[in-house]
Amino acid sequence: MKLLYNARIHTLNPAQETASALLIERGEIIAAGGDELLDARAEKFDLGGRVVLPGLTDAHLHLQHYALGLQKVDCETSTLEECLRRVAERAKTVKKGGWILGHGWNQNEWGELTAKSAKEEINFGGEIPWPSARDLDSAAPDHPVYLTAKSLHAAWANSAALKLAGIASSTPNPENGEIQRDARGQPTGILLESAMELVSAKIPQPGMDAVTEAIRAAQPILWKMGLTGVHDFDRRACFMALQQLHQRGELKLRVVKSIPVEDLEHACELGLQSGFGDDWLRVGNVKAFMDGALGPRTAAMFQPYLGDAENRGILNMDGEHLFELARRAADAGLAMTVHAIGDRANHEVLNAYEQLRGYERAHGLPALRHRIEHVQAIHPDDAARLSALNVIASMQPIHATSDMRMAERYWGGRTRLAYAWRTQLAHGARLAFGSDAPVESPNPFLGLFAAVTRRRAGEAGEAWIPEEKLTRREAVEAYTMGAAYAAGMETRLGRLAPGCLADLIVLEKDPFACPAEDLLTMQSSATMAGGDWVWRSA
C-alpha cells in the first residue's frame, strides 16, 4: 500500500472535489481524504503541499511516428533557410546515398518563399507558394531526402528521392493525391495526400525491434509532460511493438489502439471488438479518413479556398460509402472514428453517423462510442449534430493557435466555427483532447494554454475567436474525463476516486490558479501509473 499525503489534490470527482491524501493498493485508489488516512499502514510519500491531478491522456497521437520522429531532422522552423541548413547538417552525418528524413515544415510560415516562387513559377494557387526539390538538392546533393509537412498530409522530396520513386512528368496522380508540377509540367518535389506513398514506400522501414525501442524510449518524455495515457492512431507495426512492450512489462502508458479502416475485414474475421484488451492496451475504434488537411489545402470544403477558386479540397468518400464501412464495423462491435477537417467532410461524416445510429437501433445493436477526429471547420447547420448523435468531438486545441493565420487566409468568415470547442460543449457534445503528435507537441499543457487563451505563446492581444475559449476546468476535463469516456473507461480513469486506477501527476504549481503563461513551462514533477512511480524529477 502507498499513502500520498500533504498534497492539494484536484480529484475531478464531483462527489469529493478536493483531498489532501490518497491511499493506493494494487494499482488502484482505495480512499481519498485527509488526515484520517495518515494512520494507514502504508509506504508514505509526503508531497510537500504540491498539486496532484489525474494523469492526462492524449486522445489523438501517432505513437510510432512520434517516437521515431525524435530521430528525424526537426523541420519546424520560421524560415526556409533554417530548414535547409538543418538538412545540410544532417547530410554531414549520413553516409552517401543514405536517406535523410525530417518532419514539421510548414510553408505557410516561410514568407521568403513568395518572391522565390514568383521567380521559379511554382505558385499553385492561393497566396502561399511551396518549396521545391531544387532547394533540397542544394542542401543534400548526395542523399535522397523526404520531409513530411507538419500536417502529415504533404511531403517534400528532392530529385534523388523522386528518381528512386520513379516520379517523372508522365507519372499520373494517384487516387486522392496529387504530384505538384511546375509551369512546364515537371514534378516540383511536393506530394499531397496519397501521392506521398510513392516515395515513402521506397524508404527502408525500421525493424520491429527499432520501433519497440523507440516507443520504450519515448515513454519517459511523455510521463514528464504529464501523460499517463494515449489513444494511438498508427498502424500494425506500432500495435505489435506495444504488445511486445506489454508482454515484457515495459508498457507503462495506457494505450487505446485504433484499427485502420483497410484492416476492417481482418478485424471482423478475428472477432475483435472495441474495448477488447486490458487496462494497459485495448482495442479502440476503426479509423477512416474523410479528407485531407488545412495546410496543403486538401481539407474538403463546401466552398473554395480563398484565392484558389478551383480548389475545394479532397473528399475521399461520401457519407453513403462511409456508412457501409461503419455498418460492417457496428455488426462486429467495432466503433468508428473518422478524420474530418473541412466543413463538407464533417457534414458527410455526420450524415453517415445519422444513418448508423438508425441502423444500430433497428438491429438491436449497442450505441457505440463513435468519434470525429479534429472537427476543425463545421457548417453552422451541423454544429449541434455531434451532440444530437452522441458523437465524441476528438479535438486538438493546439491546432487552433498553430493554424489560425492559415485558417483566416484560406477560410475567411468560415473560421467562426473553426476549432469551436465552446460551441460543441454548449450543444452538449463530449470533448476529448489530444495533440495529433507529431503534427504538434504532445505536451498537454501547451494544449491547455491554447484552449484557455486561444493565443500563441509570447503573443499579446485579443484571443482568436474568444467566444470559443474554455475554462481551465473544462479543458482539463477534456484531457481526463473526456478521454476516459471515449475509451469506455470512465469508471476507471479520469478521476482520483475509490475504484479508479492510480494514474496521477504531481505539479509544482496549480494549473487552475496560476497565470496562464505558466502553463507553457509546466511539467510533471512525478508521474504515477498503476500505482507505480514511473517518472520522478531529481
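These are my notes on a helix pair, a sheet and one histidine in a predicted model.

**Entry 1, helices α10 and α11.** I began with helix α10 (residues 319-331) and helix α11 (residues 343-362), whose axes come within 8 Å and cross at roughly 40°. Since angles under 35 degrees would count as roughly parallel, I noted α10 and α11 as oblique to each other. I then looked up the handedness, and α10 passes α11 in a right-handed crossing. On the α10 side the contact is made by G319, E320, L322, F323, A326, R327, A330 and D331, while α11 contributes E348, V349, A352, Q355, L356 and Y359. Sorting the residues of this contact by character, I recorded eight nonpolar, two polar and four charged.

**Entry 2, the six-stranded sheet.** Next I followed an open sheet in which six strands run in the order β9-β10-β11-β12-β14-β13, with mixed pairing. β9 (73-74) and β13 (177-181) stand at the edges, and because each has a single partner strand, one side of each is left without a neighbour in the sheet. Within this order I looked at strand β11 (residues 145-149) and strand β12 (residues 154-157), which pair in the antiparallel sense over three bridges. For T148, I found that the bridge partner in β12 is A155.

**Entry 3, H231.** Finally I turned to H231, which is found in strand β15 (residues 227-232). Is H231 buried or exposed? Its relative accessibility is 3%, and the cut-off for buried is under 20%, so I entered H231 as buried. Leaving aside residues up to four places away in sequence, I listed T57, D58, A59, H60, L61, V256, R371, A483, A486 and A487 as the residues that H231 touches.

Note on methods: Residues are numbered from 1 along each chain as its sequence is written. This is a predicted model: local features need pLDDT of at least 70, side-chain atom pairs count only at pLDDT 80 or more; totals for chains, interfaces and linings use all residues. Side-chain values use heavy atoms; hydrogens and water are left out. Axes are lines fitted to C-alpha atoms, for helices over the stretch in contact, and angles run from 0 to 180 degrees between N-to-C directions. Helices (H or I, at least four residues) and strands (E, at least two) are DSSP runs, numbered from the N terminus. Angles under 35 degrees count as roughly parallel, over 145 as roughly antiparallel, 65 to 115 as roughly perpendicular and the rest as oblique. A crossing is left-handed if the near helix is turned anticlockwise from the far one by less than a right angle, and right-handed if clockwise. Contact means heavy atoms within 4.5 Å. Ala, Val, Leu, Ile, Met, Phe, Trp, Tyr, Cys and Pro count as nonpolar, Asp, Glu, Lys and Arg as charged, and the others, Gly among them, as polar. Buried means under 20% relative accessible area, exposed over 50%, partly exposed in between (1.4 Å probe, protein chains only). Two strands pair if DSSP finds at least two bridges between them.
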